[in-house]
Amino acid sequence: MKNGKFITFEGTDGSGKTTQIKLLEEYLKNKGYEVVLSREPGGTKVSELIRDLILDPANTEIDPLTEMILYAASRAQHIAQIIKPSIEAGKIVICDRFVDSSYAYQGFGRGIDLRLIADVNRVAIDGISPDITFFLDIDPETAIKRRINATGADRIEQEKLDFHKRVYEGYKKMSLLFPDRIMTIDAEKPMDEISSQINEYIDTIL
Ligand SMILES: Nc1ncnc2c1ncn2[C@@H]1O[C@H](COP(=O)(O)OP(=O)(O)OP(=O)(O)O)[C@@H](O)[C@H]1O
Ligand SMILES: [Mg+2]
């Protein structure tokens, strides 16, 4: 019954996801498509509350397993309330992060078993999978430098650089495992070049 499209953006902190999502939204709206923008963890009132809980620097005692389940809970609400109904209504849903972020951050970053993440998320995502995922590939150190002082650090961003390097390597591995779904984009290029590359690809699937 699915007739819309589901596009996700992934990459380490500061890799340019939000920048590219805004450009893609503008491009698609100018072409007359109905576009729904969303982000994880968040996208609904309840999901945003869970996001605040996870990212609050006061909650440093959150256990990695608790964190992984909270992300999945936030995602379940997001799928039920926004993503699934929008796709079924024929809209184009663009999401800033999705399940790949759980594999990259909670799995490769924090060491939670990938099968466990898959099991918990299978329940959460209700059969929904992205049509295309853009992985913005940039050296994590360069990416973090780009966004320093931009928004102020939250709990995850205070983690050491080796955490971000593990996350980055995780994304690289997933892009090799799922080459049909995950498109790797050189995110060190200028914004407009990246945007043109993404638009060209999107034109081929719409
Ligand atoms: N291709 C680019 N070249 C140079 N700077 C860029 C590029 N794309 C984005 N930036 C800048 O890098 C910073 C981070 O970009 P952006 O917020 O889009 O990344 P993000 O992946 O959404 O980050 P976060 O993970 O924190 O949400 C911003 O200041 C943005 O203007
Ligand atoms: Mg962002």
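How many of the six residues of strand 4 are buried? In this predicted model, the count is six of six for strand 4, which covers residues 132-137, so the strand is largely enclosed by the rest of the structure. "Buried" here comes with a cut-off: a residue counts if its relative accessible area is under 20%.

It helps to look at which way the side chains of strand 4 go. I132, F134 and L136 point one way, while T133, F135 and D137 point the other way, and all of them are buried. So what does strand 4 pair with? One partner is strand 1 (residues 5-10), which pairs with strand 4 in the parallel sense over four bridges. To find a spot where these two meet, look for I7, whose bridge partner in strand 4 is I132. Another partner is strand 5 (residues 182-186), which runs parallel to strand 4 and is joined to it by five bridges. Here D137 is a handy landmark, as its bridge partner in strand 5 is D186. D137 is also among the buried residues of strand 4 mentioned above.

Now for the whole chain. The protein has eight helices and five strands. Reading from the N terminus, the elements come in the order β-α-β-α-α-β-α-α-β-α-α-β-α. The radius of gyration is 16 Å, close to the 17 Å that the globule rule gives for 206 residues, so the protein is as compact as a globular protein of that length. Taken along the principal axes, the box filled by the C-alpha atoms is roughly 45 × 35 × 30 Å.

How much of the chain is tucked away? Buried residues account for 47% of the 206 residues. Contacts tell another part of the story: among those between residues at least 6 apart in sequence, 80% join residues at least 24 apart.

Finally, the outside. The accessible surface of the protein adds up to about 10100 Å², and carbon and sulfur atoms own 54% of that. One place to look on this surface is a nonpolar patch of about 230 Å², made by L65, I69 and L116. I69 belongs to helix 3, which spans residues 64-88. Is I69 buried, partly exposed or exposed? With a relative accessible area of 43%, I69 is partly exposed, because that class lies between the 20% limit for buried and the 50% limit for exposed. A residue also needs over 30% to join a patch, and the 43% of I69 is the value to hold against that limit.

Note on methods: Residues numbered from 1 in each chain as written. Chains lettered and ligands numbered in written order. Predicted model: local features only at pLDDT ≥ 70, side-chain atom pairs only at ≥ 80, totals over all residues. Heavy atoms only, no water. Patch = residues over 30% accessible without salt bridge, like charges linked within 9 Å, V, L, I, M, F, W, Y side chains within 5 Å. Areas by Shrake-Rupley, 256 points an atom, 1.4 Å probe, with all protein chains shown as cover. Salt bridge = Lys/Arg side-chain N within 4 Å of Asp/Glu carboxyl O. Buried < 20%, exposed > 50% of the residue type's maximum accessible area, 1.4 Å probe, protein only. Rg over C-alpha atoms; globule rule 2.2 N^0.38 Å. Contact = heavy atoms within 4.5 Å. Pairing = 2+ DSSP bridges.
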